[in-house]
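This report looks at charged side-chain pairs and one glycine. Please keep the sequence and the model at hand.

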Amino acid sequence: MRHITSRFNNKILLALVTAGSLSSIAALPAQASSHREAPFITRHPKVDAADFYMFRSYEANRAAFTTLIANYSPLQDAYGGPNYFSLDPDALYEIHIDNVGDGKEHLTFQFRFTNTNNDAQFTVGGKKVSIPLVINGGAIDGVNPAGLNVRETYTVTMVTGDRRTGTRQAVTNAATGSTTFDKPVDYIGNKSIPDYAGYAAKHVFAVNIPGCSTPGKVFVGQRKDPFVVNLGETFDLINIKAPATAFDPNAEKSGHDDLALKNITAIEMEVPTACLTNGKEAVIGGWTTASLRQGRAINPTPNTGTASKEGGAWTQVSRLGMPLVNEVVIGLKDKDQFNHSKPSGDTQFLTYVTNPTLPALVEVLFGSAGVKAPTNFPRNDLVAAFLTGIKGVNQPATVTPSEMLRLNTTTPVSASQNRLGVIAGDNAGFPNGRRPGDDVVDIALRVVMGRLCVLSIGCVPADAPAGAIDFTDGAYLDSSFFDNSFPYLKTPIAGALKR
């Protein structure tokens, strides 16, 4: 594996490319799946979708379930007190399922949040005074503990049909029948919360989902950011400071992970697969969105109420299905438009897929080293990967080209996951859904440079001169980074790290 920099000997590199012995060349421009990916969303981090996962549950005895994970509010510094990272009570967070193949949602799970300030007070000099912290010094060890000054709760609503006009039914706690669920406070530190893993586990709830005879699960809370990527050096015109040669077997682990100490907030559900499919088509499509009200009035005297008043129709401001699409496929001028759009309207973005700019950029940067972009236009291989699913892997019998994550729910769970998914022969992995341990950066880089042509999927090997090169960003990821049971993502980084 290797990265290319201007300091590397291009003559040696060209010889290696020509000889066909090069296993990897470069770290290409790629963000974390969706961290600050469009101009408008940078102003609203609480509704910025970071990653979306959809996979057959690989926890023991749970293969009949599908796990859905929508991560929001990226790039959280663990020490981000005193307010930390609650989700937006004025926003609507949604996970959509297309179980027909027409690019439209047929099931939607809606999440709404409420933050309640308990106004804990200390008596100071004979006066009651409100404290400035989200905890009041008491033990934080269970659901809604007395020591918690701000309680964050949420509801889950299942909508059948159109997300705004369809039939609405509440998801309920299977143990209590309640429609309200508690979200754990963020990991302030081990003095405040001595056993955060145990505390968070108490917020995994068995739920009754309308129309399902078997309960599912739900969890919302802070987790360690599951994505890995070398952000800083990559965006500095691929200024990788420690290039590896083709003979270095550790090149895929040689990069710096800029998210190593970052957290996110995960919205997770585990749903019986039979409740997600329509009974005829085994392939489901999924994506997550967040919406805000069209109108906002800022309150000049927030001590008399809330800081702002929201009103008007819901307006979608964030969208994420397949990883990296809005980052490295959609043009800068259309990034906000993509976040506001629905899959059924994706013909407006088709040229970005059929005639992608990223391979051309790679050729500009590294053409002198012999790297050439694929020559097949339109790029039907990318249409299959991003818009229709791959025939025989995860393409529905009838499909409207539209960007979303697609999962063939009949593909068996892999006993041993391969981080490179389908292109490495593991059809239970990305782009057939997405598991936390799928290294989508390396996969996407190889696919965009023509790996599917090498596999004769939508094109032929001759169409992709660099298609056999194992491109990598050097930030390694596989299933060993995650737990083997719901909610799968690791315990977040503590706000007070021992140094």
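Which side chain meets that of glutamate 94 in a salt bridge? The partner is arginine 164, with N and O 2.9 Å apart. The model is a predicted one.

## The pair 94 and 164

Glutamate 94 sits in strand S3, residues 91-98. Arginine 164 belongs to the loop that runs between strand S7 (150-160) and strand S8 (167-170). The two are 70 residues apart in sequence, so their salt bridge ties together separate parts of the chain.

Burial is uneven here. Glutamate 94 has a relative accessibility of 1%. That is under 20%, so glutamate 94 counts as buried. Arginine 164 has 35%. This value falls between the 20% and 50% cut-offs, so arginine 164 is partly exposed.

## The pair 319 and 403

A salt bridge also links glutamate 403 and arginine 319. Their closest N and O atoms are 3.4 Å apart. The cut-off is 4 Å, so the pair qualifies.

Glutamate 403 is in the loop between helix H8 (380-388) and strand S16 (405-408). Arginine 319 is part of strand S15, residues 308-320. The pair ties together parts of the chain 84 residues apart in sequence.

Are these two partners buried or exposed? Glutamate 403 is buried, at 3% relative accessible area. Arginine 319 is buried too, at 2%.

## The pair 426 and 435, and a network

Aspartate 426 and arginine 435 form another salt bridge through their side chains, with an N to O distance of 2.9 Å. Both residues are buried.

Some salt bridges share partners. Through such sharing, Arg419, Asp439, Asp442, Arg446, Arg451 and Asp470 become one network. How many salt bridges does a search of the whole structure find? The total is 21.

## Glycine 101

Where does glycine 101 lie? Its place is the loop between S3 and strand S4 (107-117). S3 is also the strand that holds glutamate 94. Glycine 101 has 7% relative accessibility, under the 20% cut-off, and so counts as buried.

Which residues does glycine 101 touch, leaving out those up to four places away in sequence? They are Pro396, Thr398, Val399 and Thr400. A second glycine enters the picture at position 285. The C-alpha atoms of glycine 101 and glycine 285 are 7.3 Å apart, while 184 residues separate the two along the chain.

Conventions:
Residues are numbered from 1 along each chain as its sequence is written. This is a predicted model: local features need pLDDT of at least 70, side-chain atom pairs count only at pLDDT 80 or more; totals for chains, interfaces and linings use all residues. Side-chain values use heavy atoms; hydrogens and water are left out. Helices (H or I, at least four residues) and strands (E, at least two) are DSSP runs, numbered from the N terminus. Buried means under 20% relative accessible area, exposed over 50%, partly exposed in between (1.4 Å probe, protein chains only). Contact means heavy atoms within 4.5 Å.
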